[in-house]
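Here's a quick briefing to read alongside the model. Have the viewer open and follow the chain as you go.

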Amino acid sequence: ERLRTSATAREEALISTVSMSGIAGGLVLLLVMVSRRAGTQIRASQRWLGTTLKSIGDGVIATDATGAIRFLNPVASELTGWSQAEAQGRAIEDVFRIMGAGNGTPAENPVAQVLREATLAGQPGQAMLISRDGTEFPIEESGAPIRDDNGVINGVVIVFKDASAARAAQRALQASEERQRLALQGAELGALDHDLRADTAVWNERLHTILGHPTGTEFDAGIIDRQVFPEDREYVSHALQHSKVNHAPFRCEHRIVRANDEALRWISSNGFFVYDKDGTPIRFIGVVRDITDQRRLEAQERQ
């Protein structure tokens with residue numbers, strides 16, 4: 001009986017062993033299949049991400065948690081002068097060298113700021129990049145942490161671009177605005193820009209003086225209309241309507257009541273409406289000149 005019991009136990013153990021081996025083999029095969037599929041997906045994702053980073057127009061640099069470079073896209077290589085192979089493993093400060101745009105002193109690298117503060121970093125429009133050959137040019141840059149599933153920072157990514165054209169355009173715009181301001185000031189012209197949709201108005205300093213308002217006072221778009229001398233309102237309204245409907249320049253000489261002393265003054269107004277794609281007027285831009293003295297001289301000459 002003991003022999004039979006032992007033989008039965010051996011048979012059951014053998015069956016159990018074979019069954020467990022079969023299950024284990026199936027699990028291993030399944031694990032291999034899943035791993036291969038996951039590996040294929042990971043490689044496909046890496047290729048897609050690499051192609052995307054290489055195709056964008058901004059420079060991209062990725063580092064590990066110590067600030068050592070792991071990746072540069074072609075734009076970053078072109079701007080810094082370092083290839084991927086040459087920069088691999090180097091400290092970010094060796095490749096991405098920046099300084100302050102205004103004072104020329106070394107600026108803090110955004111990678112160090114991100115690793116220290118664990119947040120976004122960068123000073124757009126305030127940095128100069130020094131390339132490998134010593135060329136300096138302005139950049140716009142920002143840095144962001146790369147986190148794992150647990151929120152631990154295991155790297156930093158920097159995105160930057162050459163801002164030379166943008167800075168030059170900004171300087172040209174500032175110079176143009178300064179020339180315009182000086183021209184208006186020399187001609188004693190008040191300038192206005194009325195946003196008809198937001199019902200807001202932007203004036204220069206001279207227009208505030210002409211209409212008798214403190215400099216910097218904010219107005220709605222209809223403030224001048226309310227200062228028009230009552231006897232001239234219909235005439236001015238008709239001229240504005242004609243200009244608006246016919247897309248024609250607005251030209252009008254009329255009287256206003258100056259706000260600060262209620263003096264009656266003559267002004268000459270010139271301007272035009274700006275329309276959207278549907279033909280709806282959205283802005284009115286113009287200039288105003290005080291012609292009170294001129295009108296008095298003309299009246300004296302006629303007399």
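What follows goes from whole-chain numbers to one strand and its partners. Keep in mind that this is a predicted model.

**The chain as a whole**
- You're looking at 10 helices and 11 strands in the chain.
- Of the 303 residues in the chain, 31% are buried.
- Take the contacts with a separation of 6 or more: 43% of them link residues that sit 24 or more positions apart.
- The exposed area of the chain comes to about 19,200 Å², with carbon and sulfur atoms supplying 54% of it.

**Strand β1 and its cover**
- Strand β1 runs over residues 59–64.
- How many of the residues in β1 are buried? The count is 5 of 6, so the strand is mostly covered, given that buried means under 20% relative accessible area.

**Partner one: β6**
- β1 pairs with strand β6 (residues 153–162) in the antiparallel sense, and 6 bridges join the two.
- If you want a spot to zoom in on, Val-60 stands opposite Val-159 in β6.

**Partner two: β2**
- β1 also pairs in the antiparallel sense with strand β2 (residues 69–72), here over 3 bridges.
- Which residue in β2 is the bridge partner of Thr-63? That's Ile-69.
- β1 and β2 form a hairpin with 4 residues between the strands.
- Check the backbone at Gly-67 in this hairpin, where phi is positive, near 90°.

Methods: Residues are numbered from 1 along each chain as its sequence is written. This is a predicted model: local features need pLDDT of at least 70, side-chain atom pairs count only at pLDDT 80 or more; totals for chains, interfaces and linings use all residues. Side-chain values use heavy atoms; hydrogens and water are left out. Buried means under 20% relative accessible area, exposed over 50%, partly exposed in between (1.4 Å probe, protein chains only). Contact means heavy atoms within 4.5 Å. Accessible areas come from the Shrake-Rupley method with a 1.4 Å probe; for residues, only the protein chains shown count as cover. Two strands pair if DSSP finds at least two bridges between them.
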